[in-house]
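Me: I am new to this structure and would like a close look at one part of it, followed outward to its surroundings. Please explain each term when it comes up.

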Amino acid sequence: MKVERKKIYVGDVAIGGNAPVTVQTMTNTITSDVESTVQQILLCEKYGLDLVRAAVNNEEDAKAIKEIKKRIHVPFIADIQYDYRLAMWAVENGADCIRINPGNMNSKNGLKELVKALSEKNIPIRVGVNSGSISREIIDRFHGVNVDSLVASAIEEVETLEDLNFTNMKVAIKSSDIYTSVAAYRKFYMLKEYPLHLGITEAGPYEQGSIKSAIGLGILLAEGIGNTIRVSLTDDPYKEVIAGKLILSSLNLHGKGINLISCPTCARTNGEMIALVQEFLKRKPEIQSKLNIAIMGCHVNGPGEAREADLGLAMTKQGAHLFRKGKKIQSCSREEAVDILIDAIIKLDGEKSGN
Ligand code: SF4
């Protein structure tokens, strides 16, 4: 059953309602090292980052937000633990969203002061519950860390803010276990209407973490649950963005970009298909529309398998054919194939996006 999500804004990025699902990452530089932090964010932006989060551990980190924001192009989420003053400084220095758990703020009056400042500036809070943040009392009440205790913890955090008349929030309920995460998000989804930030926490290194996240997030996104995602990897943050974007494009949920369809190769494959696809991936353009692009290894099954693609390249014994919606529009040599496909993508993107 679909339950409409409230729409909020982090900077100029809409989350919830009918807004497209967005991809986040978290920096791992020292936030007050402005140069390193900015360079890391700019690299992530190249791969399509929508929102960035950074830990704010002290006053220097909070003050650095002002300089960082001058040089980046995505909204900035300040991740705060315990000390409401860090959140206040982050807001003063331009943070677009604050990630806190109200329950672990060290001052109740401080929390009230923070909520007042956020309300005045229309800045949202992300409530982030995970297996490690559940209170002892809730763990005892629900006999351990499980779906019920995770959801109860999230509800408690949310209601703390609601009691202060604050509803401008999104919520994350993360576990490193896929089954627990999926069940917790499903349960919370039916109880509260806030937009959901999805993640499988501590998912592991690139390959393992991407697959774990794709399974967990994929189940939920396919059910219409989830408004923004982070793939948590033990790796460089830009790889989290690559994985997140691939999850969205695989589910046809990407707002823009290329969804690549490429054949697994077989004894009918003409030419060096794997190298050709790798070359395409290195050179593929950033586009403003959504395109399905197929690269197939033969002209026997290739065009048929790629019929639904906006543009398809099928390798032949002599060269390659370029197809548009299953209709052959050009023949070329293998050496020219990637250039011709990229030119056709840019032309079609221009037609679709009106540029
Ligand atoms: Fe083999 Fe052709 Fe299918 Fe590729 S498209 S796997 S080359 S049959």
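Reply: The account below begins with one helix and then moves on to other places in the chain.

The model is a predicted one, in which local features need pLDDT of at least 70 and side-chain atom pairs count only at pLDDT 80 or more, while totals for chains, interfaces and linings use all residues. Residues are numbered from 1 along each chain as its sequence is written, and side-chain values use heavy atoms, with hydrogens and water left out.

The part chosen is helix α1, which covers residues 34-46; helices (H or I, at least four residues) and strands (E, at least two) are DSSP runs, numbered from the N terminus. The end C-alpha atoms of α1 are 18 Å apart, and this agrees with the 18 Å that its 13 residues should span at 1.5 Å a residue, the expected span being 1.5 Å times one less than the number of residues.

Which residues of α1 are buried? They are Val34, Thr37, Val38, Gln40, Ile41, Cys44 and Glu45, where buried means under 20% relative accessible area, exposed means over 50%, and partly exposed lies in between (1.4 Å probe, protein chains only). Seen down the axis of α1, these buried residues fall within an arc of 160°, so they line one face of the helix; the arc is that of the directions from the helix axis to the C-beta atoms. They pack against β3 (22-26), β4 (51-55), α2 (59-71) and α9 (237-250), with contact taken as heavy atoms within 4.5 Å. Just after α1, Gly48 takes a positive phi of about 100°.

One of the elements packed against α1 is α2, and within helix α2 lie both Glu59 and Lys63, 4 residues apart, about one turn of the helix. These two residues form a salt bridge, the closest N and O atoms being 3.2 Å apart; the term stands for a side-chain nitrogen of Lys or Arg within 4 Å of a carboxyl oxygen of Asp or Glu. Glu59 is partly exposed at 30% relative accessibility, and Lys63 is also partly exposed, at 49%.

Helix α2 appears again beside α3 (residues 84-92), whose buried residues are Tyr84, Leu86, Ala87, Met88, Ala90 and Val91. The cover over those residues includes α2, β5 (76-79), β6 (97-100) and α4 (108-121). Just after α3, Gly94 has a positive phi of about 105°. A salt bridge joins the side chains of Asp83 and Arg85, at 2.9 Å from N to O; Asp83 is buried, with a relative accessible area of 14%, whereas Arg85 is partly exposed at 42%.

Strand β5, part of the cover of α3, holds Asp79, which counts as buried at 7% relative accessibility. Leaving aside residues up to four places away in sequence, Asp79 touches Met26, Arg53, Ala54, Ala55, Val56 and Arg99. Two residues from that list, Arg53 and Arg99, are linked with Asp79 in a network of salt bridges. A search of the whole structure finds 22 salt bridges.

Another pair lies elsewhere: the side chains of Glu159 and Lys192 meet in a salt bridge of 3.5 Å, N to O. This pair links distant parts of the chain, with Glu159 in helix α6 and Lys192 in the loop between α7 (178-191) and β9 (196-198), 33 residues apart. Glu159 is partly exposed at 35% relative accessibility, but Lys192 is buried at 13%.

Two loops complete the tour. Most residues other than glycine have a negative phi. Asn122, in the loop between α4 and β7 (125-130), has a positive phi of about 55° although it is not a glycine, and it is exposed, with a relative accessible area of 56%. Asn252, in the loop between α9 and β11 (257-262), likewise has a positive phi, near 60°, and is partly exposed at 43% relative accessibility. Helix α9 leads back to the start, being one of the elements against which the buried residues of α1 pack.
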